[in-house]
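Here are my notes on this structure, set out as numbered points. Please read them with the sequence and the model open beside you.

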Amino acid sequence: MISEELQNLLLKYCEPEDALLQHIDRETHLKVLLPRMLSGHYQGRVLSLLSKMNSPKRILEVGTYTGYATLCLAEGLSEGGLIYTLDINAELEDMVRGNFAKSPLDDKIRYIIGDAQQSLKTLSDETFDLVFIDADKKNNGTYYDLIFDQVRPGGIIIVDNVLWSGKILSNAQDQDTKNISNFNDRVAADQRVEKLILPVRDGLLIIRKK
């Protein structure tokens with residue numbers, strides 16, 4: 001959505017990636033399909049800073065992929081905090097667990113493989129301070145509904161890819177674009193929350209529960 005020149009400038013003025021995140025980025029691009037799904041350096045620093053500003057005790061991530069965003073979000077956990085990260089892709093499990101094992105934050109991560117809607121039922125007793133939704137876009141609204149009551153007042157929900165490579169501006173008629181646009185409209189009309197879209201990478205919808 002932005003020029004390469006501006007992207008390089010943004011990277012110049014943000015915090016650097018650590019060696020593990022650099023490794024995950026490189027290995028994802030070398031070995032995994034659709035590496036553009038990775039949050040990457042700049043978005044990772046945005047997620048890290050939002051988490052640190054929130055100091056969450058409990059984080060929920062829907063969509064782990066290769067674990068890059070998980071580690072960025074976990075950087076902000078308060079003492080004794082945990083992040084639950086849910087993903088359906090068992091083929092990446094060994095790689096992801098290996099990535100987490102290299103991190104000093106490993107003991108704060110609960111990685112759950114399976115259908116997210118079913119996995120969420122096992123977490124019904126938790127209250128979340130921060131939620132990051134970055135999974136199958138057609139179910140953004142479903143995940144939003146499932147977790148909303150478990151987010152504390154003042155808690156934050158972040159939803160990725162809400163600009164969908166700019167397609168929501170072009171009146172594109174494919175189903176993915178319609179789903180994302182409809183979800184954005186729904187959140188915009190939700191009086192229970194405050195919201196804005198940050199034009200970071202593919203768009204981060206930041207939602208604060210009143």
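**Notes on strands, salt bridges and surface**

1. Strands E1 and E4 run parallel and are joined by 4 bridges. One pair to look for is Val 62, whose bridge partner in E4 is Ile 133. Keep in mind throughout that this is a predicted model.

2. E1 covers residues 58-62, and 4 of its 5 residues are buried. This strand also pairs with E2 (residues 82-87), in parallel and over 5 bridges. Val 62 appears again here, standing opposite Leu 86 in E2. Between E1 and E2 the chain passes through helix H4 (residues 68-74), and this β-α-β crossover is right-handed.

3. On to the next pair of strands. E4 (residues 128-133) is joined to E5 by 5 bridges, and the two run parallel. Leu 130 has Ile 156 in E5 as its bridge partner. Helix H7 (residues 140-148) belongs with these two strands: E4, H7 and E5 make a right-handed β-α-β unit.

4. Is strand E5 mostly covered or mostly open? E5 (residues 151-160) is mostly covered, with 8 of its 10 residues buried. E5 also pairs with E7 (residues 204-209), this time in the antiparallel sense, over 5 bridges. In that pairing, Ile 158 stands opposite Ile 206. As background, side chains in a regular strand alternate between the two faces of the sheet.

5. How many salt bridges are there? The count comes to 11. One of them joins Arg 45 and Glu 75, with the closest N and O atoms 3.0 Å apart. Arg 45 lies in helix H3 (residues 40-54) and Glu 75 in the loop between H4 and E2, so this pair ties together parts that are 30 residues apart in sequence. Arg 45 counts as buried because its relative accessibility is 13%, while Glu 75 is partly exposed at 25%.

6. A second salt bridge is made by Arg 152 and Asp 129, where the closest N and O atoms are 2.6 Å apart. Arg 152 sits in E5 and Asp 129 in E4, so the pair links parts of the chain that are 23 residues apart. Asp 129 is buried, at 10% relative accessibility, whereas Arg 152 is partly exposed, at 27%.

7. Glu 194 and Arg 208 form a further salt bridge, with their closest N and O atoms 2.7 Å apart. Glu 194 lies in strand E6 and Arg 208 in strand E7, so the pair ties together parts 14 residues apart in sequence. Both residues count as partly exposed: Glu 194 has 40% relative accessibility and Arg 208 has 38%. To return to an earlier pair, Arg 45 and Glu 75 join Lys 52 in one network, through salt bridges that share partners.

8. Where is Arg 201 found? Arg 201 is in the loop between E6 (193-198) and E7. This residue is partly exposed, with a relative accessible area of 31%. The side chain of Arg 201 reaches the backbone oxygen of Leu 38 at 2.7 Å. By contrast, the C-alpha atoms of Arg 201 and Asp 129 are separated by 24 Å, and these residues are 72 apart along the chain.

9. Last, the surface. Ile 2, Leu 6, Leu 9 and Tyr 13 make a nonpolar surface patch of about 400 Å². Of these, Leu 9 is found in helix H1 (residues 4-12). Leu 9 counts as partly exposed, at 42% relative accessibility.

Methods
Residues numbered from 1 in each chain as written. Predicted model: local features only at pLDDT ≥ 70, side-chain atom pairs only at ≥ 80, totals over all residues. Heavy atoms only, no water. Patch = residues over 30% accessible without salt bridge, like charges linked within 9 Å, V, L, I, M, F, W, Y side chains within 5 Å. Areas by Shrake-Rupley, 256 points an atom, 1.4 Å probe, with all protein chains shown as cover. Salt bridge = Lys/Arg side-chain N within 4 Å of Asp/Glu carboxyl O. Buried < 20%, exposed > 50% of the residue type's maximum accessible area, 1.4 Å probe, protein only. Pairing = 2+ DSSP bridges. Right-handed = clockwise from strand over helix to strand, strands pointing away. Polar contact = N/O pair within 3.5 Å; in protein donor to acceptor, adjacent residues only side chain to side chain.
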